[in-house]
Amino acid sequence: MTVEEFEEFYAQAAARLTGQLYVMLGDLHEAQDVVQEAFVKGWSRRHQLDRDGRPEAWIRTVAWRLAVSRWRFRRRSVDAWKRSGAPPHVEGPGPEQVALVEALRELPGQQRRSMTLHYVCDLTVEQIAEETGVSASTVKTHLSRGRTALAHRLQDPRIEEAPGA
């Protein structure tokens with residue numbers, strides 16, 4: 001099947017196949033997804049589809065199998081959640097965490113990345129340098145400037161500076 005023939009086949013059969021799968025599945029969005037994915041798989045096998053002489057049946061079968069595979073995956077996922085129980089309740093971020101995230105967002109990207117890798121991911125300066133592709137001294141500069149910027153942004157306005165400080 002040539003490119004043009006496949007495009008013509010798609011134009012003629014896609015809506016019909018979607019309708020058929022919709023009736024089988026009862027979910028229009030799922031039908032559209034699996035038919036589209038089946039056509040993508042058919043594209044790479046378009047020469048074989050021509051020899052078989054039943055490309056529409058092949059697409060329909062593949063779409064159905066994709067839908068069944070998705071059902072099985074969802075069912076296994078639900079079963080796994082049921083076995084493990086409900087996830088523990090986690091409190092939302094407090095005002096301090098929100099303020100910290102907002103302050104971090106104001107930092108330049110490299111400083112923010114270095115600060116996160118060092119203080120959240122517990123990476124050493126050398127590990128950060130290797131991961132980011134910059135020198136260790138540059139990482140140290142980013143960390144120093146990031147700490148200084150955060151100190152200014154996170155100052156508590158209720159605390160007055162000591163005289164002469």
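This briefing describes the first helix of the structure, its two packing partners, and a few individual residues elsewhere in the chain. The structure is a predicted model. Helix H1 covers residues 3-25, and the contacts described here join H1 to helix H2, residues 28-44, and to helix H4, residues 55-84.

**Helix H1 itself**

- Helix H1 does not run straight throughout, since there is a kink of about 45 degrees centred on Ala13.
- The buried residues of H1 are Phe6, Phe9, Ala13, Ala14, Leu17, Thr18, Leu21 and Leu25, and Ala13, the centre of the kink, is thus among them.
- An α-helix has 3.6 residues a turn, so residues three or four places apart point the same way.
- After H1 comes Gly26, which has a positive phi, near 80 degrees.

**H1 against H2**

- The axes of H1 and H2 lie 8 Å apart, and the two helices pack at an angle of about 150 degrees; because angles over 145 degrees count as roughly antiparallel, H1 is described as roughly antiparallel to H2.
- The crossing in which H1 passes H2 is right-handed, and the residues of this contact comprise 16 nonpolar, four polar and one charged.
- On the H1 side the contact includes Val3, Phe6, Tyr10, Ala14, Thr18 and Tyr22, while on the H2 side the residues they meet include Leu28, Ala31, Val35, Phe39 and Trp43.

**H1 against H4**

- H1 and H4 cross at roughly 40 degrees, with axes that come within 10 Å, and this angle makes H1 oblique to H4.
- Here too the crossing is right-handed, and by class the contact holds twelve nonpolar, one polar and three charged residues.
- From H1, the residues Phe9, Ala13, Arg16, Leu17, Gln20, Leu21, Met24 and Leu25 take part, and from H4 they meet residues including Pro55, Glu56, Ile59, Arg60, Trp64 and Trp71.
- Phe9, Ala13, Leu17, Leu21 and Leu25 are listed in the contact with H4 and also in the contact with H2, and these five residues are buried.

**Ile59, a residue of H4**

- Ile59 belongs to helix H4 and counts as buried, because its relative accessibility is 0%.
- Leaving out residues up to four places away in sequence, Ile59 touches Phe9, Leu17, Ala38, Phe39 and Gly42; of these, Phe9 and Leu17 are in H1, and Phe39 and Gly42 are in H2.
- The C-alpha atoms of Ile59 and Arg76 are 26 Å apart in space, with their positions 17 residues apart in sequence.

**Residues further along the chain**

- Ala99 has its place in helix H5, residues 95-105, and counts as partly exposed because its relative accessibility is 34%; the C-alpha atoms of Ala99 and Arg153 are separated by 9.0 Å, although the two residues are 54 residues apart along the chain.
- Gln111, found in helix H6, residues 109-120, is buried, with a relative accessible area of 11%, and beyond its neighbours within four places in sequence Gln111 is in contact with His142, Arg145 and Gly146.
- Ser135 lies in the loop between helix H7 (125-132) and helix H8 (136-153) and, at 35% relative accessibility, is partly exposed; the C-alpha atoms of Ser135 and Val125 are 9.1 Å apart, and the two residues are ten residues apart in sequence.

Note on methods:
Residues numbered from 1 in each chain as written. Predicted model: local features only at pLDDT ≥ 70, side-chain atom pairs only at ≥ 80, totals over all residues. Heavy atoms only, no water. Bend = angle between axes of the 7 residues up to and from the residue. Helix = DSSP H or I, 4+ residues; strand = E, 2+ residues; numbered from the N terminus. Buried < 20%, exposed > 50% of the residue type's maximum accessible area, 1.4 Å probe, protein only. Axes fitted to C-alpha atoms, helices over the stretch in contact; angles between N-to-C directions. Parallel < 35°, antiparallel > 145°, perpendicular 65-115°, else oblique. Left-handed = near helix turned anticlockwise from the far one by under 90°. Contact = heavy atoms within 4.5 Å. Nonpolar A, V, L, I, M, F, W, Y, C, P; charged D, E, K, R; others polar.
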